[in-house]
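Morning, everyone. I have one structure to show today, and I will keep it brief. Please have a look at it on the screen.

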Amino acid sequence: MDDPYHNNVTQQGKGGGEYTYTQEGGGGGGGQDGYPYQADYPPQEEDARSDATEGADDDEQMYEGEYQGVPHPDEVKEARRAARLEARRKARQVAQQEEEEDNLPEQYETLMEDCGHGRFQWMLFAVLGLALMADGVDGFVVGFVLPSAEKDMCISNSDKGMLGLLVYVAMMVGALVWGGLSDKMGRRKCLIYVLSIDLVFSFLSCFAQGYGFFLFFRICSGFGIGGSIPIVYTYFTEFLQMDKRGEHLSWLCMFWMLGGLYASFTAWGIIPHYGWGFAIGTEIQIHSWRLFIFVCLFPALAALIGVIFMPESPRFLLEAARHDEAWMVLRRVHDTNWKAKGEPERVFTATNIKTPQTEEDDFIEIQSDTGTAFQRWTVRHMTMLQQVMANIMSLSAAELRLQGLFLLIVWFCLAFSYHGLGVWFPDMIKYMQYEEYESKVRVFHRERVERFHFNFSLVNQIHREGEYIHDKFANIEIKSVKFEDSLFENCYFEDVRSTNTFFENCTIKNTVFYNTDLWEEKFKDCKMENTTFLHPKKGCHLNFLEENDIVIYMVSFLGSLAALPGNILSALFMDKIGRIRIIGGSMLASAACTFLLLLSFSQGAVICWQCLFYGTSVAAWNGLQVISVELYPSAKRGTAFGILNGICKFAAILASFIFAKFIGITKIVPIFLAFASLVCGGLVALKLPETREKILQ
């Protein structure tokens with residue numbers, strides 16, 4: 001029957017039965033929701049089956065709404081059940097990940113105890129000690145070569161101050177950058193970069209003939225070596241078990257003192273020997289102070305060679321989810337130590353070390369496999385930079401904010417007083433030497449010298465309103481001499497060397513200057529009449545007898561040597577009485593020593609109190625560096641130490657500027673600033689948490 005409003009459809013099922021439904025046409029006028037046929041079904045019981053599907057398999061049963069894309073209720077239930085299972089699986093995975101992270105410190109400590117402490121740690125101790133020694137040497141290089149370099153390259157006083165300032169700024173930036181990168185690139189890799197940069201640019205600075213190039217090379221060298229301290233302490237800490245950390249990190253601190261001894265001794269033995277220099281062609285002059293810079297490269301070179309043969313920190317490898325590499329390094333440490341102890345049969349028993357992989361690691365791996373080589377390089381390094389910045393920002397988390405602030409204050413206070421007095425001691429000695437020299441000056445007033453041959457040196461003299469007629473000055477040195485309102489007529493100067501010598505308001509007539517270094521800058525407001533300059537020695541010229549006072553080298557040498565007893569005592573007692581007592585006690589004792597500086601009325605007294613101050617304050621440095629690596633988790637350890645060391649460099653810059661301003665004016669202000677800083681830092685240090693029995697997080 002052809003009905004415009006009814007259409008009967010019959011479909012044969014697989015099981016031989018039929019099912020029939022009736023659809024009303026006319027634009028869906030007889031049903032609900034546009035599907036009127038659904039309302040035509042007779043009411044059925046819930047478990048009833050149609051005749052058409054009777055005998056069919058359950059798996060082949062068909063849902064009437066599937067033609068319209070309506071999900072079957074069973075499918076909805078199954079999807080919800082699957083979602084709940086997936087949520088439970090993810091929750092279990094997160095809980096397992098958190099449990100693994102919580103168990104990692106104890107697991108790693110157990111592994112290090114199993115590996116033991118022996119030959120491997122001592123080899124690493126020597127290598128990293130040389131790297132720390134290289135940093136100590138670099139801290140003295142600029143100060144030692146500056147008196148000679150300023151004459152050799154005609155460096156003005158302002159440029160001289162800028163050199164020392166910019167090198168320290170570069171070291172501060174290097175500490176921040178390399179400390180952060182060591183948490184993402186690895187301790188060993190960053191240390192290789194740091195030492196390589198220092199070696200290359202320090203070597204180039206040996207040959208720089210102009211101030212601009214010399215400044216650039218020293219800044220680059222400072223940027224490199226500035227990152228050594230955060231990396232060295234972080235690197236060595238992660239190879240030590242808990243009961244060995246304090247003592248052996250304190251022994252490692254001794255290498256910075258050895259760097260000072262090495263620099264002072266070599267400067268003392270090389271720089272004053274002008275004859276040890278040589279020339280490369282006619283343009284490059286290698287004087288003895290440049291040889292000193294070259295000799296100072298040896299610790300960094302030896303450290304670089306040693307680090308190449310050392311493995312990466314296994315703790316870093318575990319944090320980076322590089323489990324197999326970490327296992328190989330730990331087995332190497334284990335086998336090296338136990339074979340050296342005569343027990344080669346002992347087997348490394350750890351078989352499975354798991355740490356969760358972060359989403360950032362997945363992102364880098366995915367992105368580094370796509371795009372061009374440049375895009376992969378850019379993505380990898382930009383992501384690494386973002387991670388470093390995230391590490392820095394995360395250090396202000398609530399649980400670290402207070403103790404991190406206390407630690408930062410202690411670092412700043414100790415560095416401010418230590419480096420401030422480190423500048424004040426040698427400058428005070430120089431000022432005392434200058435005062436003593438000035439007290440012996442000879443003054444000649446209205447002397448008249450005619451037809452006289454000056455064949456002897458003029459030293460530390462003032463000549464006022466003198467007259468020199470037909471006189472000859474030949475083959476002599478004029479040192480710290482001033483001629484004021486004097487007349488030179490028909491005189492002859494030949495082969496004259498001068499240091500700190502000036503002519504002020506003088507009249508010079510019919511006079512010849514032949515092969516002398518007396519040039520325009522030596523004559524102030526002078527009147528020249530028929531005066532001739534032949535073969536003048538323009539520019540700056542070295543005078544090693546004047547510019548290299550071995551007392552300064554001796555002061556630095558004794559100051560570094562005085563730290564030896566403090567280093568030994570702090571290493572022996574670091575694990576016995578704790579880090580906090582070492583830091584607080586050392587800083588307060590150093591504060592008491594600063595009052596003795598009020599009694600420094602001679603050069604010998606200044607040297608004595610300097611040695612006492614360095615000997616008492618070095619224990620605070622050791623304790624501070626130990627607690628800094630123990631307080632922060634492995635993923636942020638290098639970043640945190642880099643920030644703290646950067647604050648130390650900033651305090652050194654600030655203190656050097658402030659303390660130098662009071663030289664020759666008063667001793668009270670520098671001594672009070674050092675005392676207040678040490679007392680403040682010592683009291684704040686007592687608020688820090690004790691970490692000697694803390695497992696590395």
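I will go from the overall picture to one sheet, then one residue, then a helix pair.

First, a caution: this is a predicted model. The protein has 697 residues, and 45% of them are buried. By secondary structure, there are 20 helices and 18 strands. What about contacts along the chain? Take those with a separation of 6 or more: 64% of them join residues 24 or more positions apart.

Now the sheet. It is open, has five strands, and the pairing is parallel. Reading across, the order is E6-E9-E11-E14-E17. Which strands stand at the edges? They are E6, residues 448–450, and E17, residues 527–529. Each has a single partner strand, so one side of each has no neighbour in the sheet. From one strand to the next, the twist averages 5 degrees.

Let me zoom in on one pair in that sheet. E11 covers residues 487–489, and E14 covers residues 507–509. They pair in the parallel sense, over three bridges. To find one of these on screen, go to Phe-488: its bridge partner in E14 is Ile-508. As a general reminder, strands of a sheet pair through backbone hydrogen bonds.

Next, a single residue: Val-512. This valine lies in strand E15, residues 512–514. Is Val-512 buried or partly exposed? Its relative accessibility is 24%, so Val-512 counts as partly exposed; the cut-off for buried is under 20%. What does Val-512 touch, beyond its neighbours within four places in sequence? The contacts are Cys-491, Tyr-492, Phe-493, Thr-532 and Leu-534. Look at Asn-490 too. Val-512 and Asn-490 are 22 residues apart along the chain, with their C-alpha atoms separated by 7.9 Å.

Last, the helix pair. H17 runs over residues 579–594, and H20 over residues 668–685. Their axes are 8 Å apart, and the packing angle is about 160 degrees. Angles over 145 count as roughly antiparallel, and therefore that is how we describe H17 and H20. The crossing of H17 past H20 is left-handed.

Who meets whom? From H17, the residues in contact include Ile-580, Ile-583, Gly-584, Met-587 and Leu-588. From H20, they include Ile-671, Ala-674, Phe-675, Leu-678 and Val-679. Glycines take part on both helices: Gly-584 in H17, with Gly-681 and Gly-682 in H20. By class, the contact of H17 with H20 has 11 nonpolar residues, six polar ones and no charged ones.

That is my tour. Over to you.

Note on methods:
Residues are numbered from 1 along each chain as its sequence is written. This is a predicted model: local features need pLDDT of at least 70, side-chain atom pairs count only at pLDDT 80 or more; totals for chains, interfaces and linings use all residues. Side-chain values use heavy atoms; hydrogens and water are left out. Axes are lines fitted to C-alpha atoms, for helices over the stretch in contact, and angles run from 0 to 180 degrees between N-to-C directions. Helices (H or I, at least four residues) and strands (E, at least two) are DSSP runs, numbered from the N terminus. Angles under 35 degrees count as roughly parallel, over 145 as roughly antiparallel, 65 to 115 as roughly perpendicular and the rest as oblique. A crossing is left-handed if the near helix is turned anticlockwise from the far one by less than a right angle, and right-handed if clockwise. Contact means heavy atoms within 4.5 Å. Ala, Val, Leu, Ile, Met, Phe, Trp, Tyr, Cys and Pro count as nonpolar, Asp, Glu, Lys and Arg as charged, and the others, Gly among them, as polar. Buried means under 20% relative accessible area, exposed over 50%, partly exposed in between (1.4 Å probe, protein chains only). Two strands pair if DSSP finds at least two bridges between them.
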